[in-house]
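Student: Can we go through this one together? I would like to start with the overall picture and then move to particular elements.

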Amino acid sequence: MSDKAEGSDNRASAIRALVVHPYLKGGAGKRDPDQHLDEAVGLAQAIALSVVAAEAVALSKRRPSTLLGEGTVLRLKELVEEKEIGLVIVDGLVSPIQQRNLEKAWDCKVIDRTGLILDIFGARARTREGTLQVELAALTYQKSRLVRSWTHLERQRGGFGFLGGPGETQIETDRRLIGERIARLKKELEEVKRTRDLHRKARKRVPYPIVALVGYTNAGKSTLFNRLTKSDVFAEDLLFATLDPTMRGLKLPSGRKVILSDTVGFVSDLPHELVAAFRATLEEVREADLIVHVRDLAHAETEEQKSDVESVLKELELGDAYQARIIEALNKIDLLETEAHDGALALSARSASKVAVSALSGEGCPALLERIDALISKSMNRIKVTLDRADGAGLAWLYEHGEVISNQEDETQAHLVVRLDEANLQRLKARPGARIDD
Ligand SMILES: Nc1nc2c(ncn2[C@@H]2O[C@H](COP(=O)(O)OP(=O)(O)O)[C@@H](O)[C@H]2O)c(=O)[nH]1
Ligand SMILES: [Mg+2]
């Protein structure tokens, strides 16, 4: 299994999962089922599941009771028992009834694609807005499931709704409660959106510039994340490690420290009810000082993926200057034919914002670090600061977070010229006792 930032292959308690990608036979013009399967496996690994088996299953039709054919259900039952699988992910739309029947047949938990993605977003939402959006999507999903199974129950009883019954009453109550919770969430979301900028300022707590990795699931973000941060871990990691395994410290060639952040990945055919939640989960990218767009150059749809990512980034309102803060990591060049491989390297030599890499072999990674370094320095502000000489903590902070170019001290004060990134400049401005002459 690959090197996963979020993976917990080493965690004994990881749930053993089977991933099934069902597709209709002869579904012309559709993507390669194996590619779909790979993506689903990648998603499952993103929430620390241990995927012990995965397969694409051809269907001649969608069976209303179990989606999959009888033979397949039986065959997979054996696999589930043999490999002690605790969770089956069916990468598609599974009705509540199909889900229940499959759970009964296999005697383990079954979730569908929407359920899986919701879980990932839930685990990865970091901002208040992200959390609320994910919760809203999850409740809406749950509610629709209740509605459908309720309709089903009613039909079973011949539609004599007036007979009532405990099952129905319970579901009605659940629906009402979920409905109320949804209404409350929507109100809260409005409020959070209105005060978004205030919240964002309050969250600016991370003491180093943030470099965010974005891109499609399976592009290699986590592999790159591990590769870049493997050799040097700094003390502050202890602080993040417990809170958030997707953020880690990284020392650049110049010695400057940054925080590398592995974000939630894009998925193809994102269920539409999850779009808002996905965007909100990406909120954290707005805080980033630099964005590294990780691309799978060996993927058949690499160009389509690129434009998908770019159009979502545009909608995040990153500000006009964001183009200057983005680097494309052209990943997986080890998989390319010689000609394409050399082409990628040539492109990367010509362009300041594209770097050809292989997260797997490490090729190009030093160059990527150099580019990140250069771009972060470029976005640094050169300022003059005056501090009381007695303010030892203030001086220490400047040396730690900025690049001190000169320091002249008189009897009472220290006059420094410092290079600081935007985030730290704002922090300095908020600090009492520091006078900035720009
Ligand atoms: N050949 C090759 N495979 C890679 C490279 N980077 C990542 N992978 C593989 O691609 C798959 C997805 O990688 P991962 O880092 O989980 O992608 P993420 O979803 O973007 O975090 C894994 O099987 C990796 O081993 C690379 O540079 N070359
Ligand atoms: Mg990942």
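Tutor: What follows goes from the overall content to a sheet, its helices and a few single residues. Note that this is a predicted model.

Student: How many helices and strands are in the protein?

Tutor: The protein has 15 helices and 14 strands. It has 438 residues, and 35% of them count as buried.

Student: And what share of the contacts is between residues 24 or more positions apart?

Tutor: Taking contacts with a separation of 6 or more, 72% are between residues 24 or more positions apart.

Student: Now the open sheet of four strands. What is the strand order?

Tutor: The order is 2-1-3-4, and the pairing is parallel. Strand 2 (50-59) and strand 4 (109-112) are at the edges with a single partner strand each, so one side of each has no neighbour in the sheet. From one strand to the next, the twist averages 20°.

Student: How many bridges join strand 1 to strand 3?

Tutor: Four bridges join them, strand 1 being residues 16-24 and strand 3 residues 87-90, and the two run parallel. Within strand 3, V90 is the residue opposite V20.

Student: Which strands does helix 1 lie across?

Tutor: Helix 1 (residues 33-46) lies across strand 1, strand 2 and strand 3, and it runs at about 150° to strand 1. Helix 3 (residues 96-106) also packs on the sheet, where it touches strand 3 and strand 4. The direction of helix 3 makes about 145° with that of strand 4.

Student: Staying with helix 3, which of its residues are buried?

Tutor: Q98, Q99, N101, L102 and W106. They are on the same side of helix 3, because the arc they cover around the axis is only 170°.

Student: What do those buried residues pack against?

Tutor: Helix 2 (70-82), strand 3 and strand 4.

Student: And what follows helix 3?

Tutor: D107 does, and its phi is positive, near 55°.

Student: Different region. Why call strand 9 largely enclosed?

Tutor: Strand 9 (residues 326-331) has six residues and five of them are buried, so the rest of the structure largely encloses it.

Student: Which way does strand 9 pair with strand 8, parallel or antiparallel?

Tutor: Parallel, over six bridges, with strand 8 covering residues 290-296. One bridge partner pair there is I291 with I326 of strand 9. Strand 9 is also joined to strand 10 (residues 354-356) by three bridges, and these two strands run parallel. On that side, A329 has V355 in strand 10 as its bridge partner.

Student: What unit do strand 9 and strand 10 make with helix 12?

Tutor: A right-handed β-α-β unit, in which helix 12 spans residues 338-350.

Student: Two single residues to finish. Where is D262 found?

Tutor: D262 is in strand 7 (residues 257-262). With 26 other C-beta atoms within 10 Å, D262 is buried. L213 is 49 residues away from D262 in sequence, yet their C-alpha atoms are 5.2 Å apart.

Student: And T114, buried or exposed?

Tutor: T114 is buried, having 21 other C-beta atoms within 10 Å; the cut-off for buried is 20 or more. T114 belongs to helix 4 (residues 113-124).

Student: Which residues is T114 in contact with, leaving aside neighbours within four places in sequence?

Tutor: Y141, P271 and L274. As for A137, 23 residues from T114 along the chain, the C-alpha separation is 9.8 Å.

Technical notes
Residues numbered from 1 in each chain as written. Chains lettered and ligands numbered in written order. Predicted model: local features only at pLDDT ≥ 70, side-chain atom pairs only at ≥ 80, totals over all residues. Pairing = 2+ DSSP bridges. Axes fitted to C-alpha atoms, helices over the stretch in contact; angles between N-to-C directions. Contact = placed C-beta atoms within 7 Å. Buried ≥ 20, exposed ≤ 12 C-beta atoms within 10 Å, placed from the backbone. Arc of directions from axis to C-beta. Right-handed = clockwise from strand over helix to strand, strands pointing away.
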